[in-house]
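Here is a short tour for anyone meeting this structure for the first time. Have a look at the sequence and the model, then read on.

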Amino acid sequence: MWPQTPEEAVAVQEQLRHLVDTTGPGPTEPQYVAGLDVAYDGDELAAAVVVLHNLQEVDRAVVRGRTTFPYQPGLFAFREIPALLDALEQLRTTPDLLVCDGQGLAHPRRIGLACHLGVLTGLPSIGVGKTAFVGEWAEPGPRRGDASDLLLDGEIVGKVLRTQNKTKPVFVSVGHRLNLATATKHILDLTPHYRLPETTRAADHTCRQALKGTHG
DNA sequence: GCGACAG
DNA sequence: ATCTTGTCGC
């Protein structure tokens, strides 16, 4: 069953938050890293999962659908997860790591999209947000690799990471089955040229194109 | 009470 | 998320 109201959704989060695993180091050298993203046109949507191996695409899945849940800060996952799970099921490859568009532990109840998707799939996951959602932080240094802690109620819930020299930092937080240090390392490995991970760029491009495919 | 608020 | 091309700068 899937929650139909904000109250039910929050109740689901309160249950799932206890299942999030942030202890182990996680995969040291993930071979198949998946990027996930969803594009919208009104209530039409296209969800894409693209799997990269050595930064090269080796598998992909795209599904079209309609929105079921409105966007609400804190409940973002309920809007995107159904379509993303559909797409994940269609992959012929099982990813070692999921890189999500949005936050993981950097969430009011410590269960952002990345945590939620990680728990539902059982796969290690990382959240990479383009903008902040919660927490306080100091401006990280100007160079690629510079980072500062993202604090929420005195807890480190993420890292504000500069992935390229002199560009806006991204907000990295653990999703599931790995720690923040490992997550940060992986995101740096996935950003050799641009501000956003190659996985995110590939998924974004893919779902955006799929949305136009059966439209304008 | 008021504002802020992933995508 | 989305509205939106060319353009300034390294």
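## Helices across the sheet

Let's begin with helix 3, residues 113–121, in this predicted model. Helix 3 lies across strand 1, strand 4 (97–101), strand 5 (125–129) and strand 8 (170–176). Its direction makes an angle of about 145° with strand 4.

Helix 5 takes in another set of strands: residues 198–213 lie across strand 1, strand 2, strand 3 and strand 4. Here the angle of about 145° is to strand 2.

## The sheet itself

So what order do the strands of the sheet come in? Reading across, the order is 3-2-1-4-5-8-7-6, which makes an open sheet of 8 strands with mixed pairing. Strand 3 (56–66) and strand 6 (147–152) stand at the edges, and each has a single partner strand, so one side of each has no neighbour in the sheet. On average, neighbouring strands are turned by 25° against each other, ignoring direction.

In general, strands of a sheet pair through backbone hydrogen bonds, parallel or antiparallel. Strand 1 (residues 33–41) and strand 2 (residues 44–53) run antiparallel, joined by 9 bridges. One bridge pairs Asp41 with Glu44, the latter in strand 2.

## Around DNA strand B

Now for the DNA. DNA strand B is surrounded by 17 residues, and the closest are Tyr71, Gln103, Lys130, Thr131 and Ala132. Of the atoms of DNA strand B that come within 4 Å of the protein, 47% belong to sugar and phosphate. Sorted by class, the surface near this strand has 7 nonpolar, 7 polar and 3 charged residues.

Which parts of DNA strand B do the backbone atoms of Gly74 and Gln103 approach? For Gly74, a polar backbone atom is 3.3 Å from a base nitrogen. For Gln103, a backbone N or O atom lies 3.1 Å from a base nitrogen. With Lys130 the partner is a phosphate oxygen, 2.7 Å from a polar backbone atom of that residue.

## Around DNA strand C

DNA strand C has Ala39, Tyr40, Lys130 and Arg208 around it. By class, the surface near DNA strand C has 2 nonpolar residues, no polar ones and 2 charged ones.

Lys130 turns up here again, this time through its side chain: an N or O atom there is 3.2 Å from a phosphate oxygen of DNA strand C. Tyr40 uses its backbone, with a polar atom 3.4 Å from a phosphate oxygen of DNA strand C.

Methods. Residues numbered from 1 in each chain as written. Chains lettered and ligands numbered in written order. Predicted model: local features only at pLDDT ≥ 70, side-chain atom pairs only at ≥ 80, totals over all residues. Heavy atoms only, no water. Near = heavy atom within 4 Å. Polar contact = N/O pair within 3.5 Å; in protein donor to acceptor, adjacent residues only side chain to side chain. Nonpolar A, V, L, I, M, F, W, Y, C, P; charged D, E, K, R; others polar. Pairing = 2+ DSSP bridges. Helix = DSSP H or I, 4+ residues; strand = E, 2+ residues; numbered from the N terminus. Axes fitted to C-alpha atoms, helices over the stretch in contact; angles between N-to-C directions. Contact = heavy atoms within 4.5 Å.
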